[in-house]
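Me: Please take a close look at one part of this model, the place where two helices of separate chains meet, and explain the terms as you proceed.

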Amino acid sequence: MKKVMTGNEAAAVAAKLARIQVVSAYPITPQTVIVESLSEMIGRNELKARYMPVESEHSAMASVIGASMTGARVFTASSSHGLVYMHEMLHYAAGARVPVVMVNCNRALGPPWNLYCDHTDSLAQRDTGWSQYYCADVQDVLDAILIAYYVAEQAFLPVMISMDAFYLTHTSEIADVPDQEAVDIFLPPFKPSDKLDVNDPKTFGNVCGANLFASIKYGRHRDTLSLEEVWDRASTRFCDHFNRPHPAVEAYKTEDAYVCVVATGSAGGAIRLAVDRLRQEGVRAGGLRLAMVRPFPRRAFEKAIPTARHMIVIDRDVSFGAEGILAQELKAFLFDHHRDVKLTGFVAGVGGNDISTDTVVGLVQQAILGVGTAVEAGTTLWTDVLP
Amino acid sequence: MNENARLERELFTPGHLGCPGCGAALGMRQTLSALGEDTIVVMPAGCWSTMIGIYPYSCLTVPVASVAFASTAAFASGIKAGLSIQGNDHTTVLAWAGDGGTFDIGLQALSGAVERNDDILFICYDNEAYMNTGVQRCSATPPGAWTGTTPDSAPKDQRKKDIVGIIAAHRIPYAATANIGAPEDLACKLKKAKDIRGTRFIHLFAPCPTGWGHASELTVEIARLAIQSRVFPLFEVFGGQTWQLSPMADKTSVDAYLKYQRRFQKMSAENCLRFQVQVDEDWRQLLNKCRPQVPVTQN
């Protein structure tokens, strides 16, 4: 059924459709609507689940990990400082191989305090072992959460679904809400073989020696790498059921593109419009929206850039003292496969600055012609900087 | 109970990696005997997270989750929520943390769980310092005690945090102190705690020969001296309101308790006296709390 809803409402609806059993969360703007909606659904008995109003994000993640270890399907959501406060438990979740699904609302980190969109919060968690998927629109939020449970429970690894603060969390769009029966067929109940069970006592997370430690981490690394393939299979299966594709990389007119604009999140729409305008002006441009950032979707990316000579990366984040985090990711990929491709990295749209079609066209022109308003710092060019 | 019957109930098998004479080892054995096999143990960083053995070995025959330091109570609450939504309301979820993991880094999560009245049993085995990292001061360390971060040149001045008072102030259904030197009292409190729903907290005194500098065969003796001197009196608190003393031998001075332990050896006579004064003051206050309340008549 088609409904008008915000990204936050879509996240709550998806969690309900996934028949989550334990929700534990701590409020933070702009995530609050998600957990308020879920507590309301549970209060009204529309969803049979436990709601844990914990005293911190660290405890939110700790408690959903514990609940997941008993075989329950769990959910939490956070943002910005809340996500960063969870950092220790993010490592723990992936190490414990629990299929936790979390929604993160991408918001800037202070100081200075700022409630608006920025990707540094979740990209700073890229080494925790979570799969990371960034949504393009409200429908993507709803669908990606359902796919995420399927993927997480296949691989026994946690998945983070991120959406841009306010651009998605608080923006209403039309979304198709699937029937519960159809979702139940797509997403079977979670039945782990290893769990905390007094009839089959096991230790979880016990101390282990050096040899075994390396083997366990190696196995986890391999399994995490395989998540691109697991996501592909799951999203294909989802498309078979619901007729909506959610690939790890969304390519727009890249088949013959010379210049490729790369970004993640809700800027994908502006990039498509910019690509159309640039093509009218005679630039062979294409757009790539990285939906999956961890693991880096090497196979999909390779397929999407057959003729690219120049990558223009727009980071809504920065690794201070280095450069944009996506730019680093892409450079690592290009170094292995396409050392002759040029890369220009921009930092744009941080702290709620808009990435409009004009912004993207301007950045591409600056990358090609060397003239524009973005200012240089090391290997990055920053937009929206006061003179 | 004959030996076979006792062994049948023994959920703590040989091979723990604790120090000889470890009070916390005795405490776990006594606790699991009372709680039985329908128990899941959650333990944070601390002596016990290494004492259970190196994977794949474990000296405990119940499920164990080794968790992040600050997360114990929240983790345990999550386990309970997961079990409960799947229809299991009988399994005891035991959060088993040291004093550092309870008084210091674990206090926020513990306060949250108690305030929500999550159905877990939280036991703090208290050896009065960060022992697993090699004896450093924490907020459970008594004044004057030597630790690696309160050396003789800079002794600890602050008094031990009143953890049961803090937890009781949450109006917790059941809180109690217990001592590995009084196993019958501990078993009785565990049985009581097991049958109460909501959060239950037991502060379990567990001497540490390595950190306190006493002979390993004196663990139980020192634990008993702590009760007798009222350094660690035994009591229960119901609903955060009704305080009740547990049976204890007649009160003695703290001298015998202090003299067996190297950590108090450099304590000045003045500080020993101050320690006695503080113990007496705490004991008087506890007696006041435990006095039956006189009903107030309103005219």
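Reply: Helix H3 of chain A (residues 57-69) and helix H4 of chain B (residues 72-85) have axes that come within 7 Å and cross at roughly 40°. Here helices (H or I, at least four residues) and strands (E, at least two) are DSSP runs, numbered from the N terminus; axes are lines fitted to C-alpha atoms, for helices over the stretch in contact, with angles from 0 to 180 degrees between N-to-C directions. Because of that angle, H3(A) is oblique to H4(B), where angles under 35 degrees count as roughly parallel, over 145 as roughly antiparallel, 65 to 115 as roughly perpendicular and the rest as oblique.

This is a predicted model, in which local features need pLDDT of at least 70 and side-chain atom pairs count only at pLDDT 80 or more, while totals for chains, interfaces and linings use all residues. Residues are numbered from 1 along each chain as its sequence is written, and chains are lettered from A and ligands numbered from 1 in the order in which they are written.

Residues in contact have C-beta atoms, placed from the backbone, within 7 Å. Among those of H3(A) that meet H4(B) are Ser59(A), Ala62(A) and Met69(A), and the H4(B) residues include Phe75(B), Gly78(B) and Ile79(B). The residues of this contact divide into 10 nonpolar, seven polar and no charged (Ala, Val, Leu, Ile, Met, Phe, Trp, Tyr, Cys and Pro count as nonpolar, Asp, Glu, Lys and Arg as charged, and the others, Gly among them, as polar).

In the wider setting, 38 residues of chain B are in contact with 39 residues of chain A. H4(B) gives the largest share of the side of chain B that touches chain A, 11 residues.

Notes:
Two residues are in contact if their C-beta atoms, placed from the backbone, lie within 7 Å.
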